[in-house]
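Trainee: I should like to take a close look at one part of this model, with a connected account of how the part is packed.

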Amino acid sequence: MPLEKEKLIEMYRRMLEIRYFEEKVFELYGQNLVPGTIHLYVGEEAVAVGVCANLRPDDYITSTHRGHGHCIAKGADLGKVMAEILGKKTGYCKGKGGSMHIADFSKGMLGATAVVGAGIPIAAGAGLSIKLRGTDQVVACFFGEGASNQGTFHEGVNMAAVWRLPVVFVCENNLYAMGTRQNLVMAIENIADRAVAYGIPSITVDGNDILAVYEAAAEAVNRARQGGGPTLIECKTYRQKGHSRFDPAAYRPKNEVEEWLKKDPIPRFKAKLIDMGVLTAEEDENLRQKAAATVEEAVKFAMESPFPKSEEALEDVYVEEESASNR
Amino acid sequence: MKETTIRDALREALREEMNRDKTVFLLGEDIGRYWGGAFGVTKGLAEEFGDERVRDTPISESAIIGVGVGAAITGLRPVAEIMFGDLSALAMDQICNQAAKIRYMFGEQVKAPLVIRTPFGAGVNIASHHSQSLEAWFMHTPGLYVAVPSTPYDAKGLLKTAIRGDNPVFFVEHKLLYPVKGMIPEEDYTVPYGVADVKREGTDVTIFATLYMVHRALAAAEKLKKDGVSAEVVDPRTLSPLDKQAIVKSVKKTGRIVIVTEDCKTAGVSAEIAAVVAEEALDYLDAPIKRVAEPDTPIPFSPPLEQFVIPNENSIVKAVKEIV
């Protein structure tokens, strides 16, 4: 199914926004403006954008500690994401979540959990909710290859499989769980192989080729929407930065990093778009300027926003219920 | 009014709320048509509401709660059963890091109206993995409510409030209490959270007790009466929120408190109650605070060993007599 020019350009624009956004976060971090830690999505943009390009606004996603890209791909407001990362009151979570816990329920973004693998059963639960409510929504559940070693992966995927829930499990295999290389902790090369154990279809794709991700996700989303149950999509990708903060990622061989930098998903998609005749160098420049401007605007909004008042730490623990007994 | 058991009262609450609200559904291991729950609480509900709404799950405690969280944040009201409270340890991340924090962490964007029902308590010779009382773990987790009913009236009313409410609730049942009988109204009613109930009025000493210990405290109070000691039995009904006022009020009246809980003593529920009394009612005390709780051991199997560690009427009477 050939994609329309408008859709392709929109996907490219989103990838640029994520890239520029993350580079800006890195820059602000270097200036000591970001409290805590950061986990950047640079290099993995094709996965979030390729999957989310198949989703409707009322579809759900669950996300991880490396979640900025998922949020932006699902349509989150960049200013509110940046404000949250800076701990501002105007952030998505009023400064209570930070970089690792961004959610936008108005866009079906059910939130990022920083416990590796914890979002997998939650995604299955959203899938069960869809089934019981009788809608045709779909859930996309993002997680890393490291999370597939957690019990929650086994429990959550198994439940989604046996109940045929509309969930697309998207494994972002970036080869390293923090500093631990996959082959040190798994005797298999492809996470997709694990799907056999649950009786669901799976596929391994080049996660740095957005069209490959898009096509795999299109099939999986369609299957889920038609009641065909879950799919496991493994996207082979690479994080261009370290795991977090200033991690120099010295555990990665230099030639490996260089090889993957050559496979950077953004230049690849750009070349493809030019090749397809849907993008010119001039249009590319315009898109880049626009994306950079959008990010600058987000930074301005976040920087100018106030921090929350200290006492707000005490709010939002419970839903205030006048008298639960009288409801 | 009618007489019923806690088991039947809980089932009535589930049935009535499922009839009242189509978004309520149940999930858990063996809760469906073959078993009706290991303790029979959900018996007959699968036949009545179907297998979709009374859902047998794989043995996957973490995913049972995780799926509950996912359903709760997308518009449903799940009631999850963990077959034995001890097994909540398998789902601690989903209970304490996800369900409890999801509202706060995401800046009140979402509610997680999830109820987790599970039985605690020793006394039936099923040893260390099926007998613990772990309320303190959940009382120690901001974002959760913790219910600890001791009567059919409280059990039904508190469960209904939990299902209708918008906060995640850890709902403790005591496995020895399921057959215990009591009176409940014929008509619909609920019991509020954070409101203690004085189960017996008295003037000489306050006995704070939860769950099965409420019944042992009442039996102890009856014994004490024969010795001329008037004991007041305060049942908090929920540990979170905790009705501190009711505890302080009773201590003001009696000047003495014995705290009786079935969990182990160190950093247990009794420690928190003692701290509340020390902080807020020390000046009213005429004697030291006494605690009757389990020793810091796993629950043993053999009957003489197990009975030795569970607080009983005699240990409660003895503690009271040390301070009156």
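Is the crossing of α1(A) and α10(A) left-handed or right-handed?

Mentor: The model is a predicted one, and the answer should be read in that light. The crossing of α1(A) with α10(A) is left-handed. Helix α1 of chain A spans residues 5-30, and helix α10 of chain A spans residues 265-276. The two pack at an angle of about 155°, and their axes lie 11 Å apart. Because angles over 145 degrees count as roughly antiparallel, α1(A) is roughly antiparallel to α10(A).

The residues that form this contact can be named on both sides. From α1(A) come A:Leu8, A:Tyr12, A:Met15, A:Leu16 and A:Arg19. From α10(A) come A:Pro265, A:Ile266, A:Phe269 and A:Leu273. By class, the contact of α1(A) with α10(A) has eight nonpolar residues, one charged residue and no polar residues. Arg counts as charged, and A:Arg19 is among the α1(A) residues in this contact.

Helix α1 of chain A also packs against helix α2 of chain A, which covers residues 45-52. Here the angle is about 140° and the axes are 9 Å apart. The pair α1(A) and α2(A) is therefore oblique. The crossing of α1(A) and α2(A) is right-handed. On the α1(A) side, the contact is made by A:Met11, A:Arg14, A:Met15, A:Ile18 and A:Arg19. On the α2(A) side, A:Glu45, A:Ala46 and A:Val49 take part. The residues of this contact divide into five nonpolar and three charged, with no polar ones. A:Met15 and A:Arg19 appear in the contact with α10(A) and again in the contact with α2(A).

To place these helices in a wider setting, one may turn to the contact between the chains. This contact takes 40 residues from chain A and 42 residues from chain B. On the chain A side, β2 (109-112), α5 (119-133) and α6 (151-162) each supply at least two residues. The largest share of that side comes from α5(A), with 10 residues. The side of chain A that touches chain B comprises 21 nonpolar, 12 polar and seven charged residues.

Chain B, for its part, is divided into domain 1 (2-184) and domain 2 (197-323). The contact between these domains takes 26 residues from domain 1 of chain B and 25 residues from domain 2 of chain B. The side of domain 1 that touches domain 2 has 15 nonpolar, nine polar and two charged residues.

How values were computed: Residues are numbered from 1 along each chain as its sequence is written. Chains are lettered from A and ligands numbered from 1 in the order in which they are written. This is a predicted model: local features need pLDDT of at least 70, side-chain atom pairs count only at pLDDT 80 or more; totals for chains, interfaces and linings use all residues. Domain bounds come from an automatic or database domain assignment. Two residues are in contact if their C-beta atoms, placed from the backbone, lie within 7 Å. Axes are lines fitted to C-alpha atoms, for helices over the stretch in contact, and angles run from 0 to 180 degrees between N-to-C directions. Helices (H or I, at least four residues) and strands (E, at least two) are DSSP runs, numbered from the N terminus. Angles under 35 degrees count as roughly parallel, over 145 as roughly antiparallel, 65 to 115 as roughly perpendicular and the rest as oblique. A crossing is left-handed if the near helix is turned anticlockwise from the far one by less than a right angle, and right-handed if clockwise.
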